[in-house]
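Subject: A structure for you to look at

Dear colleague,

I am handing over the structure below, and I would be glad if you could keep it open while you read my notes on the empty space inside.

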Amino acid sequence: MSEMLSQDEIDALLRGTNDSSPKPVNESEEHLDSMESDALGEIGNISFGNSATALSTLLQQKVEITTPVVSEVTIDELRDRYPTPHVALRVGYTEGLKGENVLVLTREDAAIISDLMLGGTGIGVDPEGLDEIRLSAVQEAMNQMMGAAATSLSTVFSKKIDISPPLVEVFDATKNQTIIDRLELWETMVLIEFDLKVGTLIDSKIVQIAPIQFGKQLVNELIAATTSAPAAPKQEQPKVQAAVTPAKAPAPAPARAEKTSAPEVAVSQAEFMPLHAPTSNDSVPANLGLLYDVPLNVTVELGRTKRSVREVLELSQGSIIELDKLAGEPVDIYVNQQRIARGEVVVIEENFGVRVTEIIQPHERIGIV
């Protein structure tokens, strides 16, 4: 038999194996198992629970984001899932986590959210009217939502997590656009679908899409945070110390244990210094002068008003804002945000000033800015 090696055997040795067949790919690294899916659902429950609270405060409506359902999709399955245009927001993580995810809303839901953000009622909103201003309102709402979610994850993972401002886009899944092009790089994706309810206006879905690798990263962070949590310290038994009275000789040990009476504790009534009326020297501390140089913020308030987000966005150069005070009415004077006096506006050479006309008594100082 010839002892010369064939070319295939030489190639196999160079590859470090005696088998010329390629190694199989570990498919489990590209998919989620049942444990990982359950963990992602629990993470979604925690983070989006906080997001619902933040969105409720913004919209002045009861918001519920519940029942996460985790699945895996490809880009082609995603295109089939969203044949009509939707609104997508891409959120990247800048600290604590590496990666990004995409939130998907229907145009109808996005239109209602934007109308509520701009001071509207959310009723009868045309989804075709999602212009740049309304998309910016949706973007801000989602920014607050994901910021609250990041705060929740920071608590769960015991590390600071921060996000970048979301990028918003009305996308058609059948066309190539910014966010869709980004999704194509992910190949297989994890899709988490939540029920979204906003008052009586929205009863729909909100979807979170992320690459499989990012989903696994979240699961690993959760496992690491759980396993690294410090165990509760064992409580030590209190040490009992007895006072020993010197004796001439030790007493012999008793044949059997006998009950001993508790030592007597001396109890006496508490004594206080007698009260006396304050004198003039007591009312003004001798070291009050130490506070004379402490700086205080003095603010004069001309008036106040309330405006909706819509009205604020419509402000431009030359706009007039009407306040809640009449011309010539006294203005309020605040020191460190505490109202202490009222006065009238005067002009001193080229500067404005305020002449104090009334000092507010302590029980009347309830105005806080």
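**Enclosed cavities**

The count comes to two cavities of 30 Å³ or more, and please bear in mind as you read that this is a predicted model.

The largest cavity holds about 100 Å³ of space. Its lining is made up of 13 residues, and those that lie nearest its centre are Ile-43, Ser-47, Leu-153, Gln-208 and Leu-218. If you would like to find this lining by element, look at helix 2 (34–59), helix 5 (132–157) and helix 7 (212–227), which are the elements that give two or more residues to the lining of the largest cavity. Which of the elements gives the most to that lining? Helix 2 does, with five residues. As for the character of the lining of the largest cavity, ten of its residues are nonpolar and three are polar, while no charged residue is found there.

The second largest cavity has a volume of about 50 Å³, and the residues that line this cavity are Leu-40, Val-190, Ile-192, Gln-208, Ile-209, Ala-210, Phe-214, Gly-215 and Leu-218. At least two residues of this lining come from each of strand 6 (189–198), strand 7 (202–211) and helix 7. The lining of the second largest cavity divides into seven nonpolar and two polar residues, with no charged ones.

As you compare the two linings, you may wish to select Gln-208 and Leu-218, which are named among the residues nearest the centre of the largest cavity and also line the second largest cavity.

With best wishes

Key
Residues numbered from 1 in each chain as written. Predicted model: local features only at pLDDT ≥ 70, side-chain atom pairs only at ≥ 80, totals over all residues. Heavy atoms only, no water. 1 Å grid on protein atoms, 1.4 Å probe; cavity = no way out; pocket = protein on both sides within 12 Å on 5 of 7 lines; lining within 4 Å. Points joined across faces, edges and corners; volume = space filled by probe spheres on them. Helix = DSSP H or I, 4+ residues; strand = E, 2+ residues; numbered from the N terminus. Nonpolar A, V, L, I, M, F, W, Y, C, P; charged D, E, K, R; others polar.
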